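Please look at the region around the helices in the model below. The paragraphs that follow go through it one element at a time.

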Amino acid sequence: MNNLPRLVIISLLVAAGSAVACNDHPNQPNTVDAGHVELYQCPMHPQVTSHEPGDCPICGMRLVPVKSDSAEKPSTSTPGGERKVLYWVAPMDPNYRSDEPGKSPMGMDLVPVYADAGSGSGVSVSGRTTVHVPDVQRQRIGVRTAVATIQPRAIRTLRTVGTVEPDPDRVQHVHTKVAGWVEKVYVRAEANRVRAGQVLYELYSPQLVATQDELIAAVAAKNPGAANAARQRLRNWDVSEVDIKAIEQLQQAKRSMPFRSPMDGFVRQVQAIEGMQAGEMVQLYELVSLETVWVLAKLYERELNLVTVGQAARITVPGGTVIDSTVDYVYPFVNEQSRFVNVRLKLPNPGIRLRPGMYVDVGLQADLGPGLLVPADAVLRTGTRSLVFVEVAPGQFEPRQVDLGPQVDGGFILHDGVADGEIVAVQANFFLDSESALRSALTSVDTDDSNAGK
């Protein structure tokens, strides 16, 4: 209990001393000394400066004070002229820091952060600083570059899947044109290959027998008019010239007349059955030739503006065979369920490489005209914008926001942000972006700490 008054007295003395200390400097400012500030500058637009504090008229950010040349600056180099290392960081985790070089938790070599890393490089339009990559570090992280060039013809290949269909112009139906009964069937199975002139079936018809007798009698009587009329009726019923000549030479009518294939092709349907009664215009066979086929490719609505009749196309058959073709027709209707539009390609089919029902890969080559082309790996897409790292000096990479155009074969077309002949990074862009963002953040932190200490 005797110590309580003593503690109270000591506390009062400490408080009084603090008050006296504050009164020794009544005019000490709590902001940056105006004598050490020359201008106020926008951190995102360095060209915007002012002699008074305020906001940037472009982006609305608060202007930050900039020290004058007469202000005391900390040393960023050693007495020998070498750059001063502040600390080391992990390339993939900027939050991991070390006072000494070594390895990161992921096993990667730590990279140094210099005291002058943010000086003289400025801030790019993307909010990231220029990155300096020494030759040793460049080889270690695998930075590769390429030249942005203007291509006279930028080709974009639209890749899709197509199905092989028979050419409807090469499909024939075999009908009976005279009533009768099918006496014999020679081609019974679907998918069989037939040749033009090959006998498909034989038909017994009283009309056929009667017309044969008329022809034989007209030839024997040397009546050319009646003979020609009989011949023409047989032709109209699809009796071949070979069989008509055989009737005249043998001078004998056939009970059942053979009917032959009108084309080379394959049997797609068979309806002929021995003993069946066939009236007029009954379909017995469906034949199809595969010497020419269609390929129907499906495209999205948004791709139609890139497709025209006569456009070059390349078809890849399962197994690797490549066939060059052109667009024959663009269908005028959109499928209401799939939202696809069919594009037709018509091409010869020697050796029956393309078979109906087969799926093939189709590439339609659209010519977009001239454009500035960079490799696809050179573009770092962040969702709201796209960045490209340009090597403005040996080992010095500057991030730039670009106006990204369509993707074409070999890369992207850029509408703005990079000039013809400039060198861009095509590998290790993720590391460059992380390093640039880290240095930008460190520069901001150093500026805040410097302003807070004044």
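In which kind of crossing does helix 3 pass helix 4, left-handed or right-handed? The crossing is left-handed, a term used if the near helix is turned anticlockwise from the far one by less than a right angle, with clockwise giving right-handed. The contact is made by Leu208, Thr211, Glu214, Leu215, Ala218 and Val219 of helix 3 and by Ala226, Ala227, Ala230, Arg231, Arg233 and Leu234 of helix 4; contact means heavy atoms within 4.5 Å.

The model is predicted, with local features needing pLDDT of at least 70 and side-chain atom pairs counting only at pLDDT 80 or more, while totals for chains, interfaces and linings use all residues. Residues are numbered from 1 along each chain as its sequence is written, and side-chain values use heavy atoms, with hydrogens and water left out.

The secondary structure of the chain comes to 6 helices and 29 strands. Helices (H or I, at least four residues) and strands (E, at least two) are DSSP runs, numbered from the N terminus. Of the 454 residues in the chain, 36% are buried, where buried means under 20% relative accessible area, exposed over 50% and partly exposed in between (1.4 Å probe, protein chains only). Among contacts with a separation of 6 or more, 67% are between residues 24 or more positions apart.

Helix 4 covers residues 224-236, 13 in number, and reaches 18 Å from its first C-alpha to its last. That is close to the 18 Å expected at 1.5 Å a residue, the expected span being 1.5 Å times one less than the number of residues. Its buried residues are Ala227, Ala230, Arg231 and Leu234. They lie on the same side of helix 4 because they cover an arc of only 100 degrees around the axis, taken from the directions from the helix axis to the C-beta atoms. An α-helix has 3.6 residues a turn, so residues three or four places apart point the same way.

What do the buried residues of helix 4 pack against? They pack against helix 3 (206-220) and helix 5 (241-250). Helix 3 and helix 4 meet at an angle of about 150 degrees, with their axes 8 Å apart. Axes are lines fitted to C-alpha atoms, for helices over the stretch in contact, and angles run from 0 to 180 degrees between N-to-C directions. Helix 3 and helix 4 are therefore roughly antiparallel to each other, a label for angles over 145 degrees.

The axes of helix 4 and helix 5 come within 10 Å and cross at roughly 145 degrees, and this crossing is right-handed. Here Arg231, Leu234 and Arg235 in helix 4 meet Glu241, Ile244, Ile247 and Glu248 in helix 5. After helix 4 comes Asp238, with a positive phi near 70 degrees.

In helix 5, Asp243, Ile244, Ala246 and Ile247 are buried. Their arc around the axis is only 160 degrees, which puts them on the same side of helix 5. Val242, Lys245 and Gln249 are exposed on the other side. The cover over the buried residues of helix 5 includes helix 3, helix 4 and strand 15 (256-260). Just after helix 5, Gln251 has a positive phi of about 55 degrees.

Strand 15 contains Met257, which counts as buried because its relative accessibility is 0%. Not counting residues up to four places away in sequence, Met257 touches Tyr201, Glu202, Leu203, Leu208, Gln212, Val239, Asp243 and Ile247.

How values were computed: Parallel < 35°, antiparallel > 145°, perpendicular 65-115°, else oblique.
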